[in-house]
Amino acid sequence: MKRITSLVAVLAVAAVSVFTVVAYAGSNHASVTTITVKATEFKFTLSKKSAHHGKVTFKMTNKGHVSHDFKINGKKTKLLSPGKSATLTVTLKKGSFKYVCTVPGHAAAGMKGTFKST
């Protein structure tokens, strides 16, 4: 009986060890940086001007009185009415990336900037 109890204990420890290794390996994904973006007339305010390269999620909220969007690295949000929000996830390499509002005249009025990925 002691042998069976010992064998069950050894198997339980081995199973927990294997599960722990698999769980740890599965949790080793790259993290996503989240930047909040506030759009008003006629500027963007970002929570951070830079982030580590990789996946970056921009959570844009239109706090202005007219519609705006947010474009960076070839991707853009839909056109957002005042008070609406959207998220945009992009993968950035190291470097500098221009962002703009694509509504005609908005970038020229100041809705543009540069985001740095380190």
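## Two open sheets and an aromatic cluster in a predicted model

In this predicted model, five strands form an open sheet in the order 3-9-8-5-6, with mixed pairing; here two strands count as paired if DSSP finds at least two bridges between them, and strands (E, at least two residues) and helices (H or I, at least four) are DSSP runs numbered from the N terminus. The edges of this sheet are strand 3 and strand 6 (75-76), each of which pairs on one side only. Residues are numbered from 1 along each chain as its sequence is written, and side-chain values use heavy atoms, with hydrogens and water left out. As the model is predicted, local features need pLDDT of at least 70 and side-chain atom pairs count only at pLDDT 80 or more, whereas totals for chains, interfaces and linings use all residues.

The chain contains one helix and nine strands, with the elements running α-β-β-β-β-β-β-β-β-β from the N terminus on. Of its 118 residues, 29% count as buried, a term that denotes under 20% relative accessible area, against over 50% for exposed and partly exposed in between (1.4 Å probe, protein chains only). Among contacts (heavy atoms within 4.5 Å) between residues at least 6 apart in sequence, 51% join residues at least 24 apart. The chain exposes about 7900 Å², of which carbon and sulfur atoms supply 61%, the areas coming from the Shrake-Rupley method with a 1.4 Å probe.

Within the five-stranded sheet, strand 3 (residues 50-51) runs parallel to strand 9, to which two bridges join it, and Ala-51 stands opposite Ser-117 of strand 9. Strand 8 and strand 9 run antiparallel and are joined by six bridges, with Gly-113 in strand 9 as the bridge partner of Tyr-99. Strand 5 (residues 71-72) also pairs with strand 8, in the antiparallel sense over two bridges, and Ile-72 stands opposite Tyr-99 in strand 8. In a regular strand the side chains alternate between the two faces of the sheet. Along strand 9 (residues 112-117), Gly-113, Phe-115 and Ser-117 point to one face and are buried, while Lys-112, Thr-114 and Lys-116 point to the other and are not.

A further open sheet is formed by four strands in the order 2-1-4-7, again with mixed pairing. Strand 2 and strand 7 stand at its edges with a single partner strand each, so one side of each is left without a neighbour in the sheet. Neighbouring strands of this sheet are turned by 25° against each other on average, direction ignored, where the axes are lines fitted to C-alpha atoms and angles between N-to-C directions run from 0 to 180 degrees. Strand 1 and strand 2 pair in the antiparallel sense over four bridges, and Val-37 stands opposite Leu-46 in strand 2.

The largest nonpolar core has 22 residues, and those with the most contacts inside it are Phe-44, Leu-46, Phe-58, Phe-70, Ile-72 and Phe-115; such a core is a set of buried Ala, Val, Leu, Ile, Met, Phe, Trp, Tyr and Cys residues joined through side-chain atoms within 4.5 Å. Two or more residues come from each of strand 1 (33-40), strand 2 (43-46), strand 4 (54-62), strand 7 (85-92) and strand 8 (95-100), with strand 7 giving the most, four residues. Ala-86, found in strand 7, is buried with a relative accessible area of 15%. Although Ala-86 and Met-60 are 26 residues apart in sequence, they are 5.5 Å apart in space, C-alpha to C-alpha.

Five aromatic pairs were counted, rings of Phe, Tyr and Trp (its six-membered ring) being paired if their centres lie within 6.5 Å, and classed as stacked for planes under 30 degrees apart, edge-to-face for over 60 and tilted for the rest. The rings of Phe-44 and Tyr-99 have centres 5.8 Å apart and planes at 70°, so this pair is edge-to-face; it links strand 2 to strand 8 across 55 residues, and both Phe-44 and Tyr-99 are buried. The rings of Phe-58 and Phe-70, with centres 5.3 Å apart and planes at 45°, form a tilted pair between strand 4 and the loop between strand 4 and strand 5, twelve residues apart. Phe-58 is buried at 0% relative accessibility, and Phe-70 is likewise buried, with a relative accessible area of 0%. Ring pairs link Phe-44, Phe-58, Phe-70, Tyr-99 and Phe-115 into a cluster.
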